[in-house]
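Student: Got a minute to go through a structure with me? I'd like to talk it over piece by piece.
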Amino acid sequence: MSQPHYCGASVDDFHTNYKFIHGYFSLIVCILGTIANTLNIIVLTRREMRSPTNAILTGLAVADLAVMLEYIPYTVHDYILSDLLPREQQLSYSWACFIKFHSIFAQVLHTISIWLTVTLAVWRYIAVSYPQRNRIWCGMRTTTITIAMAYVVCVLVVSPWLYLVTAIAKYQLTLDANGKTIKSLPLSQYVIDNDNEQITLQVLSSTTPQMYYNSTTVSTTTVAPPTDLGQRNITVYKLYHSELALNDLPLRNATFLIYSVLIKLIPCFALTVLSVRLIGALLEAKRRRKILACHAANDMQPMVNGKVVLPTPPRSCKLLEKEKQTDRTTRMLLAVLLLFLITEFPQGIMGLLNVLLGDAFLMQCYLKLSDLMDILALINSSINFILYCSMSRQFRSTFTLLFRPRWLDKWLPLSQHDADARDGAGGGRGRGGGGGGGGGSDGYGGQRLVHTDAVSKSMAIDNLGLTTQVTNV
């Protein structure tokens with residue numbers, strides 16, 4: 001009976017062509033992601049940046065940074081150096097141990113990153129919808145406990161099933177004179193005993209459990225010496241299904257269900273609902289501000305000859321700034337949601353289809369697109385943090401304060417807000433706010449003159465302290 005056909009030749013062509021550039025592409029993404037997350041951790045852990053929102057962003061950056069750092073040796077060994085290393089080094093026992101660690105560690109950290117993203121959406125929704133309870137529900141102590149629980153729970157939930165379903169198996173490969181594999185025979189007894197069509201697991205991705213078939217039916221344990229001139233036998237080690245997983249189909253299906261539903265689909269659904277409601281709350285707040293502004297203008301209408309004059313009410317700078325902040329936050333939420341759904345939702349759907357459609361879909365579609373799912377997850381870990389922080393003026397000011405050389409001030413003068421931030425760092429500090437949306441109070445010091453040679457003028461500015469939250473997040 002022929003297997004159903006799920007994916008066409010275009011998927012095969014994509015897999016064949018993309019695998020040659022995946023190593024270099026993923027290495028570049030990991031290096032840039034490592035730099036970006038490191039800089040964000042440095043900025044967000046400053047004392048003046050202390051807030052519950054920034055604490056969650058810091059926990060998110062730590063998880064993403066760990067994913068980046070751990071993936072670098074994997075992609076260098078298995079993709080960039082794969083054609084340069086002898087087969088024995090490619091599949092050595094020490095490398096098999098690293099792959100087992102890689103399959104667990106990277107998935108755990110990526111899961112932590114996903115759920116911290118959902119936590120951040122919950123905190124933002126509470127700050128906008130229930131501002132009067134924000135300091136109680138989303139204080140620093142509550143936030144710290146939540147972050148710690150995210151790390152601990154994800155480790156306890158994800159690690160055991162990944163550890164139980166994988167094991168290092170010993171194989172003998174027969175290579176021809178060019179180093180190509182001619183024959184593969186298992187040497188591990190539990191693989192030999194399973195003399196049906198072997199389902200094996202080779203973890204190639206940091207974020208997706210991937211399976212492939214070894215279509216050879218094992219019927220003997222005899223290791224035959226090479227017969228043709230130039231052939232040789234070598235012993236290698238690979239990460240495969242454990243004995244428990246080979247004999248327990250429900251356990252394998254449960255692995256994909258946990259991966260697709262718990263790690264992917266539920267967070268996607270939760271973040272979608274929260275983001276839609278949060279955007280609705282932001283738009284409603286904007287509408288209320290307009291109504292209040294109109295009422296305030298009507299209450300101050302002048303009278304001329306007993307008649308009401310209706311002048312065009314001037315819009316205050318404060319109202320304009322609030323509306324701009326609302327618009328920036330709304331656009332940022334849409335960008336975060338779109339990026340998250342593009343990278344995570346397809347992986348969850350494909351993992352679920354592996355359970356529903358069986359091994360044919362696994363072989364024809366899932367494995368062929370595994371490298372693509374990998375790079376999407378890495379891009380998400382590299383730039384989603386920038387999406388949160390790029391729209392915060394205080395983050396940019398703090399970053400400038402930390403990394404901008406002083407000699408540049410002569411040629412590229414700071415903006416008024418950046419100058420205030422630099423002065424504030426030298427003067428009084430802002431006091432930390434306890435709530436997720438609450439900021440610290442500004443500390444005023446004496447005035448001083450800031451001379452800017454590039455514009456040939458002097459201006460007096462207040463020595464303001466920095467607030468303690470990312471203002472637009």
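Tutor: Sure, here is a chat about some helices, a hairpin and one glutamine.

Student: Anything I should know about the model before we start?

Tutor: It's a predicted model, so local features need pLDDT of at least 70 and side-chain atom pairs count only at pLDDT 80 or more, while totals for chains, interfaces and linings use all residues. Residues are numbered from 1 along each chain as its sequence is written, and side-chain values use heavy atoms, with hydrogens and water left out.

Student: OK, at what angle do α1 and α2 pack?

Tutor: Helix α1 (residues 9-44) and helix α2 (residues 52-80) pack at about 155 degrees, with axes 8 Å apart. Helices here are DSSP runs of H or I, at least four residues, and strands are runs of E, at least two, numbered from the N terminus. The axes are lines fitted to C-alpha atoms over the stretch in contact, and angles run from 0 to 180 degrees between N-to-C directions.

Student: So are α1 and α2 roughly parallel or antiparallel?

Tutor: Roughly antiparallel, a label for angles over 145 degrees.

Student: And what about α4 and α6, how do those pack?

Tutor: Helix α4 (residues 93-129) and helix α6 (residues 140-164) have an angle of about 145 degrees, and their axes are 9 Å apart. Among the α4 residues that meet α6 are Trp115 and Trp123, and the α6 side includes Tyr151 and Cys154. Contact means heavy atoms within 4.5 Å.

Student: Switching topic: where is glutamine 90?

Tutor: Glutamine 90 is in helix α3 (residues 87-90).

Student: Buried or exposed?

Tutor: Buried, at 15% relative accessible area; the cut-off for buried is under 20%, with exposed over 50% and partly exposed in between (1.4 Å probe, protein chains only).

Student: What does the side chain of glutamine 90 have for polar company?

Tutor: A polar atom of that side chain lies 2.5 Å from the backbone oxygen of serine 82. For leucine 85, the backbone oxygen is 2.8 Å from a polar atom of the glutamine 90 side chain. Leaving aside neighbours within four places in sequence, glutamine 90 is in contact with His77, Ser82, Leu85 and Trp95.

Student: How many residues of α11 are buried?

Tutor: Six of the eight in α11 (residues 359-366), including Phe361 and Tyr366.

Student: Last one: how many bridges join β1 to β2?

Tutor: Five, between antiparallel strands β1 (residues 166-175) and β2 (residues 181-186); pairing takes at least two DSSP bridges. Leucine 175 has threonine 181 in β2 as its bridge partner. The two strands form a hairpin with five residues between them, and glycine 179 in the turn has a positive phi of about 85 degrees.

How values were computed: A polar contact is a pair of N or O atoms within 3.5 Å; within protein, one must be able to donate a hydrogen and the other to accept it, and residues adjacent in sequence count only if both atoms are side-chain atoms. Angles under 35 degrees count as roughly parallel, over 145 as roughly antiparallel, 65 to 115 as roughly perpendicular and the rest as oblique.
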